[in-house]
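User: Can you walk me through this one? I have a few quick questions.
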Amino acid sequence: MQASAIERVETIVLDVPTIRPHVLSVATMQSQTVVLVRLHCADGVEGVGEGTTIGGLSYGGESPEGIKLAIDAYFAPLLIGADTTRPAVIMDRLRRSIIDNRFAKNAVETALLDIQGKRLGVPVSELLGGRIRDRLPVLWTLASGDTAQDIAEAEAMIASGRHAAFKLKIGKRPVQDDVAHVAAIKRALGARASIRVDVNQAWSEAAAKRALPLLAEAGVDLVEQPIRAHATAGMARLTAMGLIPIMADEALHGPESGYALACGQAADVFALKIAQAGGLTEAKRLAGVAQSAGVALYGGTMLEGPVGTIASAQLFATLPEIEFGTELFGPLLLTEELLVEPLHYADGCLSVPSGPGLGVQLNEDAIAALRRDRDSRTSVITPKLVAG
């Protein structure tokens, strides 16, 4: 086996508590389940990636357990022995051999680019065309479900200088109650903060048509995925109302879906998520579609831990425009620190590391304490296990 070949594939499921319940229309999160993928090369170089989703299967078609199973059973046999100096060749093979599984593919590609960056001594951003910025604006999501608590949380964030833009998770209550909740928060914060809302597909088109004028009157700056992902024509009709910028999120599954939405004028903004796109390369292609079509960009998150967050940041740092900023706050929602050196958040921004690869190092003690299989350790795939 050549020195740059993958010798072992390791997948680890971590259960990490959150600082408070995170209430979405599709789930209420008390913790986040993080899937880490570690690719070990014969010469000792290692790359790490992350495949993380929200609320098990309540958000989409991949669960943390499914991501791990897919990588262990189907990705690993294709990865063992592969030459990591050719990450594009490896990803092409995976895409030809494995349909969908975008979150798993993103985790593997992130680990491959981490390895390549370490070998070349450059950040992942340089492998994606080179960074334009070293800091990214980051908003905070208010998702306790309680108006007074959300206002207090936002006031604390503004006072500390950590965030001045907020996204509200709504869609679980009747439309009039959601609008009243949003309007009260905007009144309390006034011009000191930008307010956006994420409905996570919870409304019908009729409900959205009732809500949009009220949200516009309340001073909301952006509405994310108000209706079902497949309702492209409905999204186009809401966008055509011209009241508030409409953002597509769950409707986006890579550059092809982005092209269809752009052709249908079904969104003003795309939420760019490396996991939903199927990896950093596909997310870069999706960004190109948006830029060519005049669709604005927003750096989205699947509430990843620090590995997925910084992988996203490495890509977002290369984009010429990211008009609506990012929501790369996932690590701040976790009670435990998964890195040796925490990511740096200050003045409403996240600093993008400049070290080789992703530029981060895992906190091995924290990983060992939080891994779900800490009593059985069955997550390492070796050449012996996949032989034959």
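The chat below covers the domains, their interface, one sheet and the salt bridges.

Analyst: First, the basis: this is a predicted model, where local features need pLDDT of at least 70 and side-chain atom pairs count only at pLDDT 80 or more, while totals for chains, interfaces and linings use all residues. Residues are numbered from 1 along each chain as its sequence is written, and side-chain values use heavy atoms, with hydrogens and water left out.

User: ok, which domains is the chain divided into?
Analyst: Domain 1 covers 5-122 + 365-370, and domain 2 covers 127-358. The bounds come from an automatic or database domain assignment. Their C-alpha centres are 23 Å apart.

User: and how many residues are in contact between them?
Analyst: 43 residues of domain 1 touch 50 residues of domain 2, with contact meaning heavy atoms within 4.5 Å. The two domains bury about 3600 Å², of which 64% is on carbon and sulfur atoms. Buried area here is the accessible area (1.4 Å probe) that two parts lose on being put together, summed over both.

User: what about polar contacts across it?
Analyst: There are 15 residue pairs in polar contact between the domains, both residues at pLDDT 80 or more. That term means a pair of N or O atoms within 3.5 Å, one able to donate a hydrogen and the other to accept it within protein; residues adjacent in sequence count only if both atoms are side-chain atoms.

User: which element gives the largest share on the domain 1 side?
Analyst: α3, with 12 residues. Helices (H or I, at least four residues) and strands (E, at least two) are DSSP runs, numbered from the N terminus.

User: salt bridges at the interface?
Analyst: One is found between domain 1 and domain 2, the term being a side-chain nitrogen of Lys or Arg within 4 Å of a carboxyl oxygen of Asp or Glu. Arg20 pairs with Glu153, their closest N and O atoms 2.9 Å apart.

User: and in the whole structure, how many?
Analyst: 25. Among them is Glu10 with Arg371, at 3.8 Å from N to O. Glu10 is in strand β1 and Arg371 in the loop between α13 and β14 (380-381), 361 residues apart.

User: switching topic: what order do the strands take in the open sheet?
Analyst: β4-β13-β12, three strands with antiparallel pairing. Strands pair if DSSP finds at least two bridges between them. β4 (135-137) and β12 (345-346) are the edges. Three bridges join β4 to β13 (residues 349-351), and Leu136 has Leu350 as its bridge partner in β13.
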